[in-house]
Amino acid sequence: MAKPKYWLIKSEPSVYAYAQLAQDGKTEWTGVRNFEARNNIRAMKPGDLCLYYHSNEDKAVVGVAQVLTPPGPDSTAPDEDWAATFMGPVTAFTQPVALATIKATASLKDFPLVTRGRLSVAPVTATHFKQVLKLGKTALPA
DNA sequence: GCCAACGTTGGC
DNA sequence: GCCAACGTTGGC
């Protein structure tokens with residue numbers, strides 16, 4: 001498979017937590033209602049890896065998800081021009097990486113959670129992705 | 001629960 | 001095409 005791209009996706013744990021994704025095995029990632037986030041979804045391809053951030057209650061990156069399908073229309077808004085993909089679980093972090101930790105890490109100064117707090121789907125560099133994995137004390141499954 | 005940040009909308 | 005008003009998000 002081609003080299004994956006990396007993303008940050010956000011969800012409120014009370015709406016759809018990572019544990020729910022792990023339990024479901026896959027879910028349609030819907031509800032994005034922001035043009036920039038939509039365009040980011042449209043740039044996704046199967047095999048891309050996503051850091052999964054819990055906003056509000058947790059304020060921490062808690063795991064890694066992966067893109068399962070090419071982006072298509074958001075089935076929750078069939079008459080509007082939005083996008084969605086199916087996501088599957090990859091691994092939960094051994095240790096969640098708190099927003100405060102990310103903000104306190106100099107090399108993550110440009111991480112999208114810091115610079116673009118409200119963007120729900122954002123690209124992440126391979127370097128940042130690896131750093132967050134390390135902070136989460138987690139390795140990707142082989 | 002408050003408020004700051006920011007994206008979107010709509011009037012001009 | 002600008003910009004003020006508004007609504008929503010999300011950290012604190």
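Here are a few worked exercises on the predicted model of chain A with DNA strands B and C.

Residues are numbered from 1 along each chain as written, and chains are lettered from A in the order in which they are written. Local features need pLDDT of at least 70 and side-chain atom pairs count only at pLDDT 80 or more, while totals for chains, interfaces and linings use all residues, and side-chain values use heavy atoms, without hydrogens and water.

**Exercise 1. Work out the fold layout and overall dimensions of chain A.**

Step 1: start with the elements. Chain A has 6 helices and 7 strands; these are DSSP runs numbered from the N terminus, with H or I over at least four residues for a helix and E over at least two for a strand. Reading from the N terminus, you get β-α-α-β-α-β-β-β-β-α-α-β-α.

Step 2: check the dimensions. Along the principal axes, the C-alpha atoms fill a box of roughly 45 × 30 × 30 Å. The radius of gyration of chain A is 14 Å, and a compact globule of 142 residues would be near 14 Å, so the two agree. That radius is taken over C-alpha atoms, and the globule rule is 2.2 Å times the number of residues to the power 0.38.

Step 3: look at packing. Buried residues make up 44% of the 142 residues in chain A, where buried means under 20% relative accessible area, exposed over 50%, and partly exposed in between, using a 1.4 Å probe and protein chains only. Of the contacts in chain A with a separation of 6 or more, 71% join residues 24 or more positions apart; a contact means heavy atoms within 4.5 Å.

**Exercise 2. Describe how the protein meets DNA strand B.**

Step 1: list the neighbours. Asn34, Phe35, Arg116 and Arg118 surround DNA strand B, near meaning that a heavy atom of the residue lies within 4 Å of the strand. They split into 1 nonpolar, 1 polar and 2 charged. For this count, Ala, Val, Leu, Ile, Met, Phe, Trp, Tyr, Cys and Pro are nonpolar, Asp, Glu, Lys and Arg are charged, and the others, Gly among them, are polar.

Step 2: go through the polar contacts (here, pairs of N or O atoms within 3.5 Å). Phe35 uses a backbone N or O atom, 3.0 Å from a phosphate oxygen of DNA strand B. Arg116 puts a polar side-chain atom 3.0 Å from a phosphate oxygen of that strand. Arg118 goes for a base instead: a side-chain N or O atom is 2.4 Å from a base nitrogen.

Step 3: tally the DNA side. Sugar or phosphate supplies 60% of the atoms of DNA strand B within 4 Å of the protein, and bases supply the rest.

**Exercise 3. Do the same for DNA strand C, then take a look at Lys59.**

Step 1: the residues around DNA strand C are Lys10, Tyr53, Asn56, Lys59, Leu99, Lys103, Gly117 and Arg118. Sugar and phosphate make up 72% of the strand's atoms within 4 Å of the protein. The surface residues divide into 2 nonpolar, 2 polar and 4 charged.

Step 2: find the phosphate contacts. A side-chain N or O atom of Lys10 is 2.9 Å from a phosphate oxygen, a polar side-chain atom of Tyr53 is 2.8 Å from one, and a polar backbone atom of Asn56 is 3.1 Å from one.

Step 3: place Lys59. This residue sits in the loop between strand 3 (49-54) and strand 4 (60-67), and its phi is near 50°, positive although Lys59 is not a glycine. With 42% relative accessibility, Lys59 counts as partly exposed.

Notes
Polar contact = N/O pair within 3.5 Å; in protein donor to acceptor, adjacent residues only side chain to side chain.
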